[in-house]
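Please read the sequence alongside the structure below. The explanation that follows goes from one sheet to the other and then to the helices.

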Amino acid sequence: MLDHHGIRPRKARVALLALILGLVLLTATSCAGGGSGTRGDEEGNGGGSPSGARLSFLVCGDPHARTDLLRKIIDQARPDEFLVIAGDISTGKGWDEMRAMKDFLDGTGIEYYAIPGDNDMPRGDVSVFRGVFGTDHYSVERGGARLIFLNDAVPGVGCPEEQLAWLREELASPREAEMAIAFAHVPPGAPVEVGKGGFRSRETESGREMLDILERAGVPVIYCGHIHAYMLYSSGPPRVVVSGGAGADPHLSEEAGGFHHFLRVSVEGGEVREEVVRL
């Protein structure tokens with residue numbers, strides 16, 4: 001039996017129910033999709049989704065007052081790349097040598113960031129470095145990444161307690177940058193020691209504490225100098241990458257990484273990679 005529209009009543013009811021059910025499901029799916037997208041963004045911002053950071057820069061350490069190799073490094077910088085010098089800019093001869101290095105760097109026109117090494121503060125006196133280059137620890141945001149610069153080369157101390165406290169607060173404070181990258185002179189937990197008396201206990205302890213803070217904050221890598229070579233001895237996190245080849249005599253054989261070089265670091269899609277460029 002057909003109704004006046006030519007559709008069997010039972011089939012009409014089934015079709016109507018199916019249509020209503022479809023509309024209900026469509027509405028529910030749309031609402032759930034919006035809510036899910038919001039939650040997904042929050043989870044990603046908490047760590048786990050790729051970072052939006054994108055930048056490229058150069059890293060070198062231990063020029064030891066040599067400007068010839070620094071010039072070769074800077075000449076290879078690409079547009080928008082900056083330079084990070086991971087300590088031992090000077091050989092420890094004082095104000096005039098330090099000032100000459102800053103005048104050279106300023107004259108190249110490249111944007112750069114510097115931290116002190118043990119040579120830059122003989123007997124633990126960081127006043128000359130601060131007088132020429134400014135503060136010995138700080139952070140900046142570049143290309144969606146937070147760059148953290150530390151002074152862990154104080155003789156007999158390593159990274160001072162007040163600076164470790166600053167590092168904890170810095171990494172705990174909210175920032176737009178989702179990724180942080182660290183820089184220091186002395187590589188924490190290094191498998192070799194190049195100083196005259198070996199690492200002192202407080203230097204070792206502060207290095208471990210610094211690594212713990214960086215690891216808890218999810219920092220993927222720390223770039224260091226001090227050892228005059230290229231070396232990657234910790235897969236981390238954070239990875240510890242040594243680049244001390246910008247001028248000083250190598251500490252290791254060429255086969256073990258003892259050659260003059262710099263690093264080109266690329267940050268994109270939540271990944272931090274470095275290329276070793278020989279000089």
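Which residue in strand 10 does Phe57 stand opposite? The partner of Phe57 is Val265 in strand 10. The answer comes from a predicted model, and some words on confidence belong at the start. The chain has a mean pLDDT of 84, with 79% of its residues at 70 or more. Residues 1-49 are a stretch with pLDDT below 50, and beyond near neighbours in sequence this stretch has eight contacts in the model.

Strands 1 and 10 run antiparallel and are joined by five bridges; strand 10 covers residues 261-268. Both belong to an open sheet of five strands, with the order 3-2-1-10-11 and mixed pairing. At the edges of this sheet are strand 3 (112-115) and strand 11 (271-278), each of which pairs on one side only. On average, neighbouring strands of the sheet are turned by 20° against each other, direction ignored. Helix 2 packs on this sheet and touches strand 1, strand 2 and strand 10. The direction of helix 2 makes about 170° with that of strand 1.

Phe57 also takes part in a ring contact. The whole structure holds nine aromatic pairs, and Phe57 with Phe82 is a stacked one, because the ring centres are 5.0 Å apart and the planes are at 10°, where planes under 30 degrees apart count as stacked. Phe57 lies in strand 1 (residues 55-60), whereas Phe82 lies in the loop between helix 2 (67-75) and strand 2 (83-86), so the pair ties together parts that are 25 residues apart in sequence.

The second sheet is also open. Its six strands follow the order 4-5-6-7-9-8, and the pairing is mixed. Why is one side of strand 4 and of strand 8 left without a neighbour in the sheet? Strand 4 (138-142) and strand 8 (230-234) stand at the edges and have a single partner strand each, so one side of each has no neighbour there. For neighbouring strands of this sheet, the average turn against each other is 20°, direction ignored.

The partner of strand 4 can be followed residue by residue. Strand 4 and strand 5 (residues 145-149) pair in the antiparallel sense over five bridges. Val140 stands opposite Leu147 in strand 5, and Glu141 stands opposite Arg146 in strand 5. The two strands form a hairpin with two residues between them. In the turn, Gly143 has a positive phi of about 55°.

Helix 5 (residues 161-172) lies across strand 4, strand 5 and strand 6 (179-183). It runs at about 175° to strand 5. The axis of helix 5 also comes within 10 Å of the axis of helix 6 (residues 201-216), and the two cross at roughly 5°. Angles under 35 degrees count as roughly parallel, so helix 5 is roughly parallel to helix 6. On the helix 5 side, the contact is made by Glu161, Leu164, Leu167, Arg168 and Leu171. They meet Arg202, Ser206, Glu209, Met210, Ile213 and Leu214 in helix 6. By type, the residues of this contact comprise six nonpolar, one polar and four charged.

Technical notes. Residues are numbered from 1 along each chain as its sequence is written. This is a predicted model: local features need pLDDT of at least 70, side-chain atom pairs count only at pLDDT 80 or more; totals for chains, interfaces and linings use all residues. Side-chain values use heavy atoms; hydrogens and water are left out. Two strands pair if DSSP finds at least two bridges between them. Helices (H or I, at least four residues) and strands (E, at least two) are DSSP runs, numbered from the N terminus. Axes are lines fitted to C-alpha atoms, for helices over the stretch in contact, and angles run from 0 to 180 degrees between N-to-C directions. Contact means heavy atoms within 4.5 Å. Angles under 35 degrees count as roughly parallel, over 145 as roughly antiparallel, 65 to 115 as roughly perpendicular and the rest as oblique. Ala, Val, Leu, Ile, Met, Phe, Trp, Tyr, Cys and Pro count as nonpolar, Asp, Glu, Lys and Arg as charged, and the others, Gly among them, as polar. pLDDT is the predictor's confidence in each residue, from 0 to 100. Rings of Phe, Tyr and Trp (its six-membered ring) pair if their centres lie within 6.5 Å; planes under 30 degrees apart count as stacked, over 60 as edge-to-face and the rest as tilted.
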